[in-house]
Amino acid sequence: VTLVVLLSSIPLIFGAGFIWPVESIPGPITAVIQFVPVVPAMKMFISLNQMGCKFFKLQPLVQQMWWCVLIYTFMSTITLLIKTTWSNHKQNTFAS
């Protein structure tokens with residue numbers, strides 16, 4: 001379990017610019033990694049905890065987190081609808 005967590009979190013830590021500078025990461029990778037909620041969360045935590053930033057200055061990151069919530073809610077709803085439709089279709093096929 002520890003190895004899985006380690007291997008899955010390393011790309012997130014690098015992509016968020018926590019270890020590696022964001023300017024050195026290719027643009028498409030940076031664009032994709034912005035849709036992972038941990039990226040704005042880490043940036044907000046570092047800004048509040050280490051840099052003494054005021055919360056109202058983090059409004060763009062809060063909005064980014066809410067966009068992530070909307071996107072993941074939409075994707076999970078669509079997945080659930082497809083799964084239930086497929087399951088109902090499969091049951092109707094075997095019942096006939």
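**Exercise 1. Which residues of helix 3 are buried? Then check the length of this helix.**

Solution. Keep in mind that you're looking at a predicted model.
- Step 1: go through helix 3, which covers residues 38-49, and pick out the positions with under 20% relative accessible area, the cut-off for buried.
- Step 2: that gives you V39, P40, M42, M44 and S47.
- Step 3: now for the length. With 12 residues at 1.5 Å a residue, helix 3 should span 16 Å.
- Step 4: the end C-alpha atoms of helix 3 are 16 Å apart, so the expected span and the model agree.

**Exercise 2. Work out the overall layout of the protein: how many helices and strands are there, and what is its radius of gyration?**

Solution.
- Step 1: count the elements, and you get 4 helices and 0 strands. Along the sequence that reads α-α-α-α.
- Step 2: take the radius of gyration, which is 19 Å for the protein, and hold it against the value near 12 Å for a compact globule of 96 residues.
- Step 3: look at the box around the C-alpha atoms. Along the principal axes, it comes to roughly 65 × 35 × 25 Å.
- Step 4: finish with burial, where 17% of the 96 residues count as buried.

**Exercise 3. Find the residues that make the nonpolar surface patch of about 810 Å², then place L6.**

Solution.
- Step 1: the patch is made by L3, L6, L7, I10, F14, F18, I19 and W20.
- Step 2: zoom in on L6, and you'll find this residue in helix 1, residues 2-15.
- Step 3: check how open L6 is. Its relative accessible area is 44%, and buried ends at 20% while exposed starts over 50%, so L6 is partly exposed.

**Exercise 4. Track down the aromatic pair and say what kind of pair F14 and W20 form.**

Solution.
- Step 1: the structure holds 1 aromatic pair.
- Step 2: its rings belong to F14 and W20, with centres 6.4 Å apart and planes at 50°.
- Step 3: stacked needs planes under 30 degrees apart and edge-to-face needs over 60, so at 50° the pair is tilted.
- Step 4: add the accessibilities. F14 is partly exposed at 33%, and W20 also counts as partly exposed, at 45%. Both residues turn up in the nonpolar patch too.

**Exercise 5. Set sequence separation against distance in space for I13 and V38, A16 and I29, and T84 and Q34.**

Solution.
- Step 1: begin with I13, which lies in helix 1 and counts as partly exposed at 27% relative accessibility. V38 is 25 residues away along the chain, and the two C-alpha atoms are separated by 8.9 Å.
- Step 2: move on to A16, in the loop between helix 1 and helix 2 (27-33). A16 is buried, with a relative accessible area of 8%. I29 sits 13 residues along the chain from A16, with 10 Å between their C-alpha atoms.
- Step 3: end with T84 in helix 4, residues 59-95, which is partly exposed at 36%. T84 and Q34 are 50 residues apart in sequence, and their C-alpha atoms are 30 Å apart in space.

Notes. Residues are numbered from 1 along each chain as its sequence is written. This is a predicted model: local features need pLDDT of at least 70, side-chain atom pairs count only at pLDDT 80 or more; totals for chains, interfaces and linings use all residues. Side-chain values use heavy atoms; hydrogens and water are left out. Helices (H or I, at least four residues) and strands (E, at least two) are DSSP runs, numbered from the N terminus. The expected span of a helix is 1.5 Å times one less than its number of residues. Buried means under 20% relative accessible area, exposed over 50%, partly exposed in between (1.4 Å probe, protein chains only). Patches are made of residues with over 30% relative accessible area and no salt bridge: like charges are joined within 9 Å, nonpolar side chains (Val, Leu, Ile, Met, Phe, Trp, Tyr) within 5 Å. Accessible areas come from the Shrake-Rupley method with a 1.4 Å probe; for residues, only the protein chains shown count as cover. A salt bridge is a side-chain nitrogen of Lys or Arg within 4 Å of a carboxyl oxygen of Asp or Glu. Rings of Phe, Tyr and Trp (its six-membered ring) pair if their centres lie within 6.5 Å; planes under 30 degrees apart count as stacked, over 60 as edge-to-face and the rest as tilted. The radius of gyration is taken over C-alpha atoms; the globule rule is 2.2 Å times the number of residues to the power 0.38.
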